[in-house]
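Please open the structure in your viewer and keep the selection tool at hand. The tour goes from the whole chain to the ligand and then to the residues around the ligand.

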Amino acid sequence: MAQSFRTIRGTFDILPDTSTSEGTSIPGTPAWQYVESRIREIMRRYDFEEVRTPILEETELIARGVGAQTDIVSKEMFVVERGDSSYVLRPEVTAPVVRAYLQHHLAQRGGVQKLYYIGPCFRAESPQKGRYRQFHQFGCEVLGADDARADAEMISLMIAIYREFGITNTRLRINSLGGPETRTAYREALRSYLQPHAEELTETSRKRLATNPLRILDTKDEGERRLLAGAPQLADHLDEVDRLHYDQVQRYLDDLGVAFVEDPYLVRGLDYYGRTTFELESDDLGAQSALAGGGRYDMLATELGAKQPVPAIGFAAGMERLFLAMSAAGVELPGRHVPDAFFVALGDDAAHWVFREAQRLREVGLHVGLDLKGRSMKAQMREANRQEARRVVIVGSDELERGKVAVRDMASGEQEDIALERLADYLRTTTGETA
Ligand code: HAM
């Protein structure tokens, strides 16, 4: 039997039409292009500039940036070994953006750097609805600002994007993890509280109790959540400066009318966070309810070798989950691109005329289809229908002699004779009306 190749588990093709893949329907390329261009446009309004970093990064960058004990680094990386070097398919884009910021001395451009990205990320998680091994993130990072305004602007931009796409059934949770001293003190307090209950913890959490007890806070285990309900709270450990920063973030959010709930357990799955963390959830997504999340990571740059800390904050969001939320909210997305006109040619002379005319019309910006197989008129009409062309332009030697072609509107069925020299203008005007 001939071998048939398929996309690998947890990945999918994005086709010209919506496809059903990995138990979810993945919208077609026109929907992706539309959503991406709207995101770019919103990012511009908020004064962000695009960066594109490589898919491959050094394993060490991600391990140090995201944290060796996180699930992402310890279980979910796609590693590529080559000679003595070890690379990973990027599981996220924050550490790569900070690497780029340091590598290219972007601080020297002056001011605050506001950068965004859209592109694929890779995590070897077990695939399910809304969770893939290759997925697509859009996100942004503000580097060089520690003021609470940067935090509030970041959060409000994230929410604005969902609002623009008609997604309002969301919940914003926020928290503050405090600065490094706060976290050291809190880590000890949490460890002392949990140590006597070590037996009741899952194996992973028992390990984390020694290495990174904060990671236990985002456990999904019911027993552990009950135990944590009586645990010391991070909020009570915030020092004065952290507390003030957190209060200011909340006041700026109030200024913008952004509703939020405080969640003292929101530590998030990456180790670089300090102070503000946030996550946007939707009830319409099932188990993978996180639409987007982010936080402040003032210590990441020094973790990656910078001499001075670079105060920074950002968020990232899953494109696929945005599409799922749009579909749940009944938001219409563009379907396939359809031709403004499809040419049907009868005979050799007409075929040559059509070949030249199609080229000319394409040069003036029209989307034009034509027969590439020398098919019969009936078959060409079928092709025009298959492509859902708005109009069919019928050209035979008679038409060419008369200097006119027949243009049929496929929706109304109405047909008009149009002078050859008026064809481009006619199609352009009527395209404007129907598009
Ligand atoms: P994250 O929470 O790991 O944060 O991922 C951000 C978003 O990416 C999630 O909310 C989710 O929508 C999407 N996502 C993550 N994993 C998958 C997956 N396997 N399949 C589908 N979608 C997924 C970060 O990556 C941080 N870099 C965010 C950030 C930016 N923090 C500061 N700046």
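Begin with the whole chain, bearing in mind that this is a predicted model, and colour residues 19-176 together with 273-328 as domain 1, then give another colour to residues 341-430, which the domain assignment lists as domain 2. With both domains coloured, you can look at how they are placed, since the C-alpha centres of domain 1 and domain 2 lie 46 Å apart.

Next, select the ligand and show the residues within 4 Å of it. This selection holds 28 surrounding residues, and the closest are Glu-92, Thr-94, Glu-125, Glu-141 and Tyr-273.

Now turn to the nitrogen atoms of the ligand, and show the side chains of Thr-94 and Tyr-273 as sticks. In the side chain of Thr-94, an N or O atom is 2.8 Å from a nitrogen atom of the ligand, while a polar side-chain atom of Tyr-273 lies 2.6 Å from a ligand nitrogen. For Tyr-132, show the backbone instead, where an N or O atom lies 2.9 Å from a nitrogen atom of the ligand. If you then switch on a surface, you can see how the ligand is covered: taken alone it exposes 660 Å², of which the protein buries 95%.

Which elements give two or more residues to the shell around the ligand? Select β8 (134-143), β12 (290-296) and β13 (312-318) to see them, and pause at β12, which gives the most, with six residues.

Finally, colour the shell by residue type, and you will find that its residues divide into 13 nonpolar, eight polar and seven charged.

Technical notes: Residues are numbered from 1 along each chain as its sequence is written. This is a predicted model: local features need pLDDT of at least 70, side-chain atom pairs count only at pLDDT 80 or more; totals for chains, interfaces and linings use all residues. Side-chain values use heavy atoms; hydrogens and water are left out. Domain bounds come from an automatic or database domain assignment. A polar contact is a pair of N or O atoms within 3.5 Å; within protein, one must be able to donate a hydrogen and the other to accept it, and residues adjacent in sequence count only if both atoms are side-chain atoms. Accessible areas come from the Shrake-Rupley method with a 1.4 Å probe; for residues, only the protein chains shown count as cover. Helices (H or I, at least four residues) and strands (E, at least two) are DSSP runs, numbered from the N terminus. Ala, Val, Leu, Ile, Met, Phe, Trp, Tyr, Cys and Pro count as nonpolar, Asp, Glu, Lys and Arg as charged, and the others, Gly among them, as polar.
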